[in-house]
Amino acid sequence: MISIRILNAETEKAYDALVSRASMGMLYHSIKYRNFLREILEDARDSYLLAFEDEKLTAAIPVFIKEGPFGTVVNSLPFYGSHGSLVYGNDATPKTIITL
């Protein structure tokens, strides 16, 4: 069964482990980089979506949200070139990747 959850303090370690084992995992996906963005983007909030298959974290997507004069902007990691995207392990099923 697939469940989608929001990253919290209890899931940060599992999330960083996923980033480390994923072939496309980069510094930009890490909790350390998220914390840096939190410091410089005071008016934005993060909401990392995590996909669990049978209680094992197999995929995630980092997201930052900012309200602006033209509406809400949702971005998988702000700034050009920071390469925000879906990150998943070899154990993620195609269904999980599509669901997330």
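**Exercise 1.** Find which residues Asp 46 is in contact with, leaving aside its neighbours within four places in sequence.

*Solution.* Start with the model: it is predicted, local features need pLDDT of at least 70, side-chain atom pairs count only at pLDDT 80 or more, and totals for chains, interfaces and linings use all residues. Residues are numbered from 1 along each chain as its sequence is written, and side-chain values use heavy atoms, with hydrogens and water left out.

Step 1. Contact means heavy atoms within 4.5 Å. With the sequence neighbours set aside, Asp 46 touches Arg 34, Arg 38, Val 63 and Phe 64.

Step 2. Asp 46 belongs to strand β2 (residues 44-46). Strands (E, at least two residues) and helices (H or I, at least four) are DSSP runs, numbered from the N terminus.

Step 3. The bridge partner of Asp 46 in β5 is Phe 64.

Step 4. From C-alpha to C-alpha, Asp 46 and Pro 62 are 7.6 Å apart, with a separation of 16 residues in sequence.

**Exercise 2.** Place β2 in its sheet and name the edge strands.

*Solution.* Step 1. Two strands pair if DSSP finds at least two bridges between them. β2 and strand β5 (residues 64-68) run antiparallel and are joined by 3 bridges.

Step 2. The order β2-β5-β6 gives an open sheet of 3 strands with antiparallel pairing. Its edge strands, β2 and β6 (71-75), each pair on one side only.

Step 3. On average, neighbouring strands of this sheet are turned by 25° against each other, direction ignored. For such angles, axes are lines fitted to C-alpha atoms, for helices over the stretch in contact, and angles run from 0 to 180 degrees between N-to-C directions.

**Exercise 3.** Describe the sheet that contains β1, and the helix lying across β3, β4 and β7.

*Solution.* Step 1. This open sheet has 4 strands in the order β1-β3-β4-β7, paired antiparallel. β1 (2-6) and β7 (87-88) are at the edges with a single partner strand each, so one side of each has no neighbour in the sheet.

Step 2. Between β1 and strand β3 (residues 49-53) there are 5 bridges in the antiparallel sense. Arg 5 stands opposite Leu 50 in β3.

Step 3. Helix α1 (residues 12-21) lies across β3, β4 (56-61) and β7, at about 75° to β4.

**Exercise 4.** State whether Phe 36 is buried, partly exposed or exposed.

*Solution.* Step 1. Phe 36 is part of helix α2 (residues 31-40).

Step 2. Buried means under 20% relative accessible area, exposed over 50%, and partly exposed in between (1.4 Å probe, protein chains only). Phe 36 counts as partly exposed because its relative accessibility is 40%.
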